[in-house]
Amino acid sequence: MNKNNTIDLENLDVDELRAITENAQQLIAKKQHQRLYDAYMQFEKIAEESSSTIEEILRAGETLEKKRSIKYRNSENDQETWTGRGRKPTWLIDALAAGKDLEDFAV
C-alpha cells in the first residue's frame, strides 16, 4: 500500500478486521496461483524449445542434483556416497575408525 492509501486499523471493529484479513488471504492465494502458473508456462516454453518434456527435464535435474551434492564416495564401492550432511554412513565411520582421513573420500 502506498502512503496515500493507508488504513488506520485501530479504528476498525473486529468484523471489519476479519473481512480485511479474509480478503487479503484470498488475494495472497490468487497471486501465488498466478505466480506458479506463470512459472509453469515459462517451464513449458523451455521444454518446448529444448525438444523435451517437463518430466524429462525434472528427471535430469534430479540426477544432476544428486551427482552435484555428493561430497564423499567410498573408494571401495563407488555406489556408496555421502553428501556431508546428516549422520555419517557406516562405511565411512568404519573407514575413519580404521585410521583413514575424511579427505581420502572427498569427490
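Here is a walk through the structure above, from overall confidence to a few residues worth finding on screen.

Let's start with how far the coordinates can be trusted. This is a predicted model, and the protein chain averages a pLDDT of 90, with 93% of the residues scoring at least 70. Confidence varies between the elements of the chain: helix α1 has the highest mean pLDDT, 96, while helix α2, covering residues 54–69, has the lowest, 82. As a reading rule, predicted coordinates should not be read in detail where pLDDT is low.

Now turn to the N-terminal end. Leu12 sits in the segment before α1, the helix that spans residues 14–49. Is Leu12 buried, partly exposed or exposed? With a relative accessible area of 23%, Leu12 is partly exposed, because that value falls between the 20% under which a residue counts as buried and the 50% over which it counts as exposed. Setting aside its neighbours within four places in sequence, Leu12 is in contact with Ile7, Leu17 and Ile20. Those three residues turn up again on the surface, where Ile7, Leu9, Leu17 and Ile20 form a nonpolar patch. Together, the patch residues have about 310 Å² of accessible area. One of them, Leu17, lies in helix α1 and is partly exposed, at 31% relative accessible area.

Follow helix α1 towards its other end and you will come to a charged pair. The structure holds one salt bridge, and Glu49 forms it with Lys45. The closest N and O atoms of the pair are 4.0 Å apart. Why can these two side chains meet within one helix? Glu49 and Lys45 are four residues apart in helix α1, so about one helical turn separates them. Both partners face the outside: Glu49 counts as exposed at 58% relative accessibility, and Lys45 counts as exposed at 52%.

Glu48 is also in helix α1, and it is exposed, with a relative accessible area of 66%. From Glu48 it is 25 residues along the sequence to Arg73, and the C-alpha atoms of the two are 36 Å apart in space.

Just past the helix, have a look at the backbone of Ser51. This residue is found in the loop between α1 and α2 and counts as exposed, at 69% relative accessibility. Most residues other than glycine have a negative phi. The phi of Ser51, however, is positive, near 55°.

Next comes the nonpolar interior. Which residues make up the largest nonpolar core? There are six: Tyr72, Trp82, Trp91, Leu92, Ala95 and Phe105. Helix α3, residues 90–97, gives the most to this core, with three residues. This fits a broader pattern, as nonpolar side chains tend to be buried together in soluble globular proteins. Trp91 is a good residue to centre your view on. Not counting residues up to four places away in sequence, Trp91 touches Tyr72, Trp82 and Phe105, which belong to the core. Its other contacts are Arg73, Asn74, Glu80 and Thr81.

Finally, visit the loop between β1 (72–73) and β2 (81–82), where Glu76 is placed. Glu76 counts as exposed, at 71% relative accessibility. For a sense of scale, pick Glu76 and Asp13: they are 63 residues apart along the chain, and their C-alpha atoms are separated by 70 Å.

Terms used
Residues numbered from 1 in each chain as written. Predicted model: local features only at pLDDT ≥ 70, side-chain atom pairs only at ≥ 80, totals over all residues. Heavy atoms only, no water. Core = buried A, V, L, I, M, F, W, Y, C linked by side-chain atoms within 4.5 Å. Buried < 20%, exposed > 50% of the residue type's maximum accessible area, 1.4 Å probe, protein only. Contact = heavy atoms within 4.5 Å. pLDDT = per-residue confidence, 0-100. Salt bridge = Lys/Arg side-chain N within 4 Å of Asp/Glu carboxyl O. Patch = residues over 30% accessible without salt bridge, like charges linked within 9 Å, V, L, I, M, F, W, Y side chains within 5 Å. Areas by Shrake-Rupley, 256 points an atom, 1.4 Å probe, with all protein chains shown as cover.
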